[in-house]
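User: Could you take a close look at one part of this protein for me? I'd like to see how the surroundings of a bound ligand connect to the rest of the fold.
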Amino acid sequence: MEIKRTIAYEGELDKSLLTRLSALPEGNLIRRCIQCGTCSGVCPLSIYMDSSPRKLIALIREGFGKEVLSSFTIWLCSSCYSCTVSCPQEIPITEIMYALKRMALEEKTYPRRFPVPVLAREFYRMVFKEGRNTEALLVLRLLAKTNILKTFSYLPMGLNLMLTRRLSLKKEKISRPSQLRKFLEAIKEVGK
Ligand code: SF4
Ligand code: SF4
């Protein structure tokens with residue numbers, strides 16, 4: 001489904017997202033977009049997106065930041081870099097997608113119950129706390145927060161994997177997770 005929004009007055013537009021992206025390394029290059037559509041043409045996932053990469057950039061520049069940060073597009077991007085290497089204006093589209101994902105997670109504007117952002121958030125939380133990801137627990141959390149009814153349909157497969165010792169509920173943990181937490185906090189500060 002395409003992103004649609006009508007406005008009555010130009011004053012309803014908000015270009016703060018463009019300003020924030022422009023402050024990031026090479027983010028200012030977004031202003032050079034000539035809307036040629038090459039990025040959308042080479043993107044293997046644009047047919048599933050609610051707005052193509054070209055349109056997403058147009059929306060950012062025109063002041064539809066709220067729609068962009070709540071779109072499915074940024075979560076469907078698989079970071080294949082096809083758009084980035086093909087863009088005639090050398091715009092780092094993939095990095096822009098990453099920045100938008102970070103902002104959507106921080107501001108909790110991502111589509112509710114959509115598995116991709118929920119998985120990203122839960123994975124980060126688990127690694128931040130324990131220093132490692134426990135696959136079985138991660139899957140359980142993902143299902144609980146996206147579609148709890150699906151948990152039951154996955155039970156036979158999960159049990160099979162456990163019986164063959166390819167999946168375990170035993171929590172994975174590093175010896176000093178507090179050190180990793182300090183490191184991750186420092187990275188977060190640098191990215192602000
Ligand atoms: S390929 Fe580059 S210049 Fe062309 S529409 Fe996409 S971002 Fe804009
Ligand atoms: S990096 Fe993302 S937006 Fe760019 S072509 Fe690949 S999937 Fe599409």
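How do the residues of the shell around ligand 2 divide into nonpolar, polar and charged?

Analyst: Happy to walk through it with you; please keep in mind that this is a predicted model. The shell around ligand 2 has ten nonpolar residues, four polar ones and no charged residues. In total, 14 residues surround ligand 2, and the closest are C43, C77, C80, S82 and C83. Two helices, α6 (82-86) and α7 (93-106), each supply at least two residues of that shell. Of the elements, α7 gives the most, with three residues.

That helix is a good one to follow into the interior. The largest nonpolar core has 24 residues, and those that touch the most other members are L17, I60, V68, I74, I93, M97 and L100. At least two residues of this core come from each of α1 (16-22), α3, α4 (65-69), α5 (73-76) and α7. Here again α7 gives the most, this time with five residues. So much for the ligand 2 side; now for α3, another contributor to this core.

Helix α3 is mostly covered, with seven of its ten residues buried. The buried ones are P53, R54, K55, L56, I57, L59 and I60, and they pack against α1, α2, α4, α5, α6 and α7. I60 is a nice residue to click on: leaving out residues up to four places away in sequence, I60 touches L17, L18, L21, I30, G65 and V68. Among these partners, L17 and V68 are, like I60 itself, listed with the core members that touch the most others. Just beyond the helix, α3 is followed by G63, which has a positive phi near 105 degrees.

The other ligand makes a useful comparison. Around ligand 1 there are 15 residues, of which C33, C36, T38, C39 and C87 come nearest. The elements giving two or more residues to this shell are α2 (38-42) and α3 (53-62), and α3 gives the most, with three residues. By class, the shell around ligand 1 has ten nonpolar, four polar and one charged residues.

To put all this on the map of the whole chain, the protein is divided into domain 1 (10-106) and domain 2 (115-191). The C-alpha centres of domain 1 and domain 2 lie 29 Å apart.

To draw the threads together, α7 gives the most to the shell around ligand 2 and also to the core, while α3 gives the most to the shell around ligand 1 and supplies at least two residues of the core.

Conventions. Residues numbered from 1 in each chain as written. Chains lettered and ligands numbered in written order. Predicted model: local features only at pLDDT ≥ 70, side-chain atom pairs only at ≥ 80, totals over all residues. Near = placed C-beta within 6 Å. Helix = DSSP H or I, 4+ residues; strand = E, 2+ residues; numbered from the N terminus. Nonpolar A, V, L, I, M, F, W, Y, C, P; charged D, E, K, R; others polar. Domains from an automatic or database assignment. Core = buried A, V, L, I, M, F, W, Y, C linked by C-beta atoms within 7 Å. Buried ≥ 20, exposed ≤ 12 C-beta atoms within 10 Å, placed from the backbone. Contact = placed C-beta atoms within 7 Å.
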